[in-house]
Amino acid sequence: MSTTARWVTVAHASEIAQGNSRIIRLDDQAIAVFHLDDGWYAIEDLCTHDGGPVAEGRLEGSIIECPRHGATFDVKTGAALTFPAVSPVATYAVRVVGDDVQVEWS
Ligand code: FES
């Protein structure tokens with residue numbers, strides 16, 4: 001059985017300046033939405049090392065550092081870049097329609 005993805009409005013684009021992020025919840029899942037210099041990206045806010053709130057960490061370019069043990073991830077791809085994380089975080093498609101930031105959610 002397949003599920004149908006839909007676009008869900010999660011924020012106003014004008015409220016998230018470039019270089020910043022916003023943590024939102026969809027179906028009790030924490031999602032971090034990032035406004036980078038080349039667009040918008042979203043990852044699950046759940047570190048694959050030990051469940052830390054990765055998006056609360058320091059963001060430099062597209063690289064986020066988990067505040068718990070320092071693993072880094074590329075928010076564009078979800079790739080784990082440094083130990084102790086070895087698995088990628090989930091990513092979600094993001095689009096902006098007018099002032100609405102929308103995440104593809106299924
Ligand atoms: S929980 Fe993120 S690095 Fe350990």
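## Loops, sheets and core of an all-strand chain

Asp28 is placed in the loop between E2 and E3, where strands, like helices, are DSSP runs numbered from the N terminus (at least two residues of E for a strand, at least four of H or I for a helix). The model described here is a predicted one, in which local features need pLDDT of at least 70 and side-chain atom pairs count only at pLDDT 80 or more, while totals for chains, interfaces and linings use all residues. Residue numbers start from 1 along each chain as its sequence is written.

The loop between E2 and E3 is a good place to begin. Asp28 has a phi near 65 degrees, a positive value in a residue other than glycine. Asp27 belongs to the loop between E2 and E3 as well, and its phi is also positive, at about 50 degrees, although Asp27 is not a glycine. Most residues other than glycine have a negative phi, and most peptide bonds are trans. Asp28 counts as exposed because 5 other C-beta atoms lie within 10 Å; the limits are 12 or fewer such atoms for exposed, 20 or more for buried and anything in between for partly exposed, with C-beta atoms placed from the backbone. Asp27 is likewise exposed, with 8 C-beta neighbours inside 10 Å. A further backbone feature is found at Pro84, in the loop between E7 and strand E8 (91-92): the peptide bond from Phe83 to Pro84 is cis, with omega near 10 degrees.

Taken as a whole, the chain has 0 helices and 10 strands. The radius of gyration of the chain is 13 Å, which agrees with the value near 13 Å expected for a compact globule of 106 residues; this radius is taken over C-alpha atoms, and the globule rule is 2.2 Å times the number of residues to the power 0.38. The C-alpha trace spans about 40 × 40 × 20 Å along its principal axes. Of the 106 residues, 29% count as buried. Among contacts with a separation of 6 or more, 39% join residues 24 or more positions apart, a contact being a pair of residues whose C-beta atoms, placed from the backbone, lie within 7 Å.

Attention now turns to the sheets. Strands of a sheet pair through backbone hydrogen bonds, either parallel or antiparallel. One open sheet consists of 3 strands in the order E1-E10-E9, with antiparallel pairing; two strands pair if DSSP finds at least two bridges between them. Its edge strands are E1 (6-12) and E9 (94-97), each of which pairs on one side only. From one strand to the next, the twist averages 35 degrees, based on axes that are lines fitted to C-alpha atoms (for helices, over the stretch in contact) and on angles that run from 0 to 180 degrees between N-to-C directions. E1 is joined to strand E10 (residues 100-105) by 6 bridges, and Trp7 stands opposite Glu104 in E10. Between E9 and E10 there are 4 bridges, with Arg95 opposite Gln102 in E10. E9 and E10 form a hairpin with 2 residues between them, and Gly98 in the turn has a positive phi of about 65 degrees.

Another open sheet of 3 strands follows the order E5-E6-E7, again with antiparallel pairing. Strand E5 (58-60) and strand E7 (72-74) stand at its edges with a single partner strand each, so one side of each is left without a neighbour in the sheet. The twist here averages 25 degrees from one strand to the next. Strand E6 (residues 63-65) pairs with E7 over 3 bridges, and Thr72 in E7 is the bridge partner of Glu65.

The largest nonpolar core has 24 residues, and those with the most contacts inside it are Val33, Ala42, Phe73 and Val94. Such a core is a set of buried Ala, Val, Leu, Ile, Met, Phe, Trp, Tyr and Cys residues joined through C-beta atoms within 7 Å. Strand E3 (29-36), strand E4 (39-44) and E10 each supply at least two residues of this core. Leaving aside residues up to four places away in sequence, Val33 touches a set of residues including Val10, Ile24, Ala42, Val94 and Val101.

Val8, in strand E1, is partly exposed, with 17 other C-beta atoms within 10 Å. Not counting residues up to four places away in sequence, Val8 touches Leu26, Gln102, Val103 and Trp105.

Terms used
Two residues are in contact if their C-beta atoms, placed from the backbone, lie within 7 Å.
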